[in-house]
Every structure is written in C-alpha cells, then in structure tokens.
Amino acid sequence: MKKANISRMPEACSTGGFKVEDQEIVKVQRAAAWDLIKQMGQNLTQGASVINISMPVRLFEPRSYLQRITDGWCYAPVYLTRAANASDPVERLKCVVTFAIAGLSNTCTQLKPFNPILGETFQGIYDDGTEVFSEQSSHHPPITNWQVVGPAKSYHFYGFGEWAASFRGNSVKGHQKGIHVVEFPDGTKITYDLPIIWCKGIMFGERIVEYDGPVEFRDEKNELGCSIVINPPQSGGFLGWGKKKIPSDFFVGSIYRAPGRNFEESNRQKICEIEGSWLGCIEFNGEPYWDWQMGIPKFVSNPINNPLPSDCRYREDLIFLSSGDLEGSQEWKLKLEQNQRREAKLRKDGFEKKKVEATE
C-alpha cells in the first residue's frame, strides 16, 4: 500500500471491515443465535453449515436471495457500460474489476433474505434498461443462476453461485462459489470469482463484515489478467504504514499480460498496479476509478411488471412479511419448507426407482 490516506466510507471500522451500527438488529440476531446453540449444541459453533437451518422470520428482510444477489451489481449500468464502450482491452478490464470490487460495498445488509425455492425466479430492470434474470436451479446444494443483459445487448453478465456458510466460533464464514462471466459482442469474456466473506461478532463484540483473500480476473482472448488480494499479509513495516496494521478492507494487486494465455505467476508481465479499499476507493497506478465520495450512483434492480408466475414476489411468506405480519409469514415459511422437503423426497425416490428399473 503506497499511501496511508486511502478514502473510506464512514461505516468502515478503523481496523477494517464494515461496522454494523444498528444495535437493534444485532440484538435480535444474537438472541436467535443463542437459541440455535441451545438446540444444536456446540457443533453449531465449530464449523457446522447454517445453510439448511430454518431461521425465524424476525431475522429476515422481505426479499428472496434471487433479488438480494443483485445488490452487488449496483454499478453495472456505470462500469459495465463503460467497459462495453472501451476499445482498449486493458481499459475494459479495469472497468470490469471496478464493477466487481466496488459492488462489494453494497452487500453488507444484515437482515437475511429468504432462501429461494427450486425453480423460483426473479426478473428485474435497472433504470438504464439493463435486464436481470435469476433462477434457483438446485435445492441441495443451493445454486443460483443469473444473467444480466445491458441496453442494446452491449454486454452479457452471467454465471452461477453456490452459497455456503458455516459458524466459526464468534463468526460466520460465507462464500459464493461459482464463476462470473462478463461477455462483450466482440467475443471478449472476462471471468472472475468472489472472495470469502466473514460476519464477525455474532455472539459478542462489534459486528463487523469483512471480505478476505484473493480475487482473480482473466481475459483469455486478450491474454490479460488481474490479481487482487484483499487484506494482504504483512510483516513489519508495510509501505507507508510503518508497523501499524493496515485495515483489513484494503487490497493490493496488479493487471498483467499473460503471453500465450499462460497465467502462471512466473509468466506474468505487469502492466499496472491496483490498490484501494472495497469500502472506499479503487485506483490504478494512482488514478481513481471509483471513490465513494465521487457521487457515482448505485442502481437498484426493480422488479418488472408481469413477471413469470414463479417470481419470488408471489411467495406467501415474503408477502406476509412485507405487510408486517410476522406470524403469517412464519406459518407460510414452514409450509413452503415442508412442501420443498416433500418434493425433494419424491425426486429422490423417483430417481432411485429408475436406477433399479435400469438394472432389471
């Protein structure tokens, strides 16, 4: 990190990460967490998955994960449009990297979204005409597929994500595993993955949301890559920070050329450096591409009119929660979960029956 005055949002904790200030939400969540520990014992805090645990609706927001996932794409109309208009492959890569990393700052909502039901969909649209489609394509493991189509098909952002989360002591570790692809009409495809997310202070202490680890971008057509490390390791002094530990939301990295599409580290030819904070700014060789103080608009994916009957807005538990009826929402949530378990058993039984018939 070459400078110590990296721009950061007011919500950024001094030691790093997004600090949650809403203590009412934290209080409710901690009460629910203690209830779960009483039910499940210490296994819950020792790496047990929380994906299949049924949570009370008082912890939820009235949205499905299929809509919630779009929060991280809030800068698509800005940076993916710039990328589509860029003639220089390096400039295009910079815009895609900025879209992905800056979007992390808009993903720290504390209320839980509803887990999508198999076959559930969401259709949305941004104010610039960008269309959003998402669908739950697998129940176990939970997998979401999506595609985002820019105005006049200027870009196509698509991929899938398998969400995994587990308790780790006083924290929850989460990761959306899966490939993200941004494709352009000239055939360029830029792929990337997402870093691990931590929600710390589940039971006690400050509630902090942190992203951590490497993020890799690749453009094979143009033999380009970008490697970023969020919360990079440091020992002793660290470029401009002396012995003081840099905040965990800081990142460093570089854009590089990969001759012959060989992305091994030994073959990389550095083009420029990248540094900043996912909670404040992104700079390439000192030139800012995103800064929370620039006033760059965050776009919201609004539900379209007349969606498919499978759209998440038609879920009864979500509808009741939207109207403030927690009891009605909880009842419907249990009904839908029971229906989903019953349908999953029917699919499994049918598959096993076909396997037996095939061997006869």
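A salt bridge here is a side-chain nitrogen of Lys or Arg within 4 Å of a carboxyl oxygen of Asp or Glu. Keep that handy for the exercises below, and remember that this is a predicted model.

**Exercise 1. Take the contact between Asp 186 and Arg 92: which parts of the chain does the pair link, and how exposed is each partner?**

Solution.
- Start with the distance: the closest N and O atoms of Asp 186 and Arg 92 are 3.0 Å apart, and the pair forms a salt bridge.
- Next, find the partners on the chain. Asp 186 is in the loop between strand 10 (180–183) and strand 11 (189–192), while Arg 92 belongs to helix 4. They're 94 residues apart, so this pair links distant parts of the chain.
- Now look at the surface. Asp 186 has a relative accessible area of 44%, which makes it partly exposed. Arg 92, at 7%, is buried.
- One more thing about Arg 92: its charged end sits over the ring of Phe 184, 4.2 Å from the ring's centre.

**Exercise 2. Work out how Lys 345 and Asp 349 are placed relative to each other in helix 6.**

Solution.
- The side chains of Lys 345 and Asp 349 meet in a salt bridge, with 2.8 Å from N to O.
- Both sit in helix 6 (residues 326–359), and because they're four residues apart, about one helical turn separates them.
- Check accessibility: Lys 345 comes out exposed at 53%, and Asp 349 partly exposed at 38%.
- For contrast, try Asp 317 and Arg 315. They also form a salt bridge, with the closest N and O atoms 2.8 Å apart, but here both residues are buried.
- To round off the tally, the structure has 15 salt bridges. Glu 61, Arg 63, Arg 68 and Asp 71 are linked in a network of them.

**Exercise 3. Classify the geometry of two aromatic pairs, Phe 99 with Phe 157 and Tyr 211 with Trp 278.**

Solution.
- You need two values, since a pair of aromatic rings is described by the distance of the centres and the angle of the planes.
- The structure holds 12 aromatic pairs. For Phe 99 and Phe 157, the ring centres are 5.5 Å apart and the planes meet at 85°, so call this one edge-to-face.
- Where are they? Phe 99 lies in helix 4 (residues 89–103) and Phe 157 in strand 8 (residues 156–168), so the pair ties together parts 58 residues apart in sequence. Both Phe 99 and Phe 157 are buried.
- Tyr 211 and Trp 278 are edge-to-face too, at 4.9 Å centre to centre and 90° between the planes.
- Tyr 211 is in strand 13 (residues 208–219) and Trp 278 in the loop between strand 16 (269–277) and strand 17 (281–284), so this pair ties together parts 67 residues apart.
- Tyr 211 is buried at 9% relative accessible area, and Trp 278 is buried at 0%.

**Exercise 4. Describe how helix 4 fits into the largest nonpolar core.**

Solution.
- First, the helix itself: helix 4 has 15 residues and reaches 21 Å from first C-alpha to last, close to the 21 Å expected.
- Then its cover: 13 of the 15 residues are buried, so helix 4 is mostly covered.
- The largest nonpolar core has 81 residues, and Phe 217 and Ile 228 have the most contacts inside it. Helix 4 gives the most to this core, with nine residues.
- Finally, link back to the rings: Phe 99 and Phe 217 are among the members of one aromatic cluster, along with Trp 73, Trp 146, Phe 157 and Tyr 192.

Technical notes. Residues numbered from 1 in each chain as written. Predicted model: local features only at pLDDT ≥ 70, side-chain atom pairs only at ≥ 80, totals over all residues. Heavy atoms only, no water. Phe/Tyr/Trp six-rings, centres within 6.5 Å; stacked < 30°, edge-to-face > 60°. Helix = DSSP H or I, 4+ residues; strand = E, 2+ residues; numbered from the N terminus. Buried < 20%, exposed > 50% of the residue type's maximum accessible area, 1.4 Å probe, protein only. Lys NZ or Arg CZ within 6 Å of the ring centre and 35° of its normal. Expected span 1.5 Å × (residues − 1). Core = buried A, V, L, I, M, F, W, Y, C linked by side-chain atoms within 4.5 Å.
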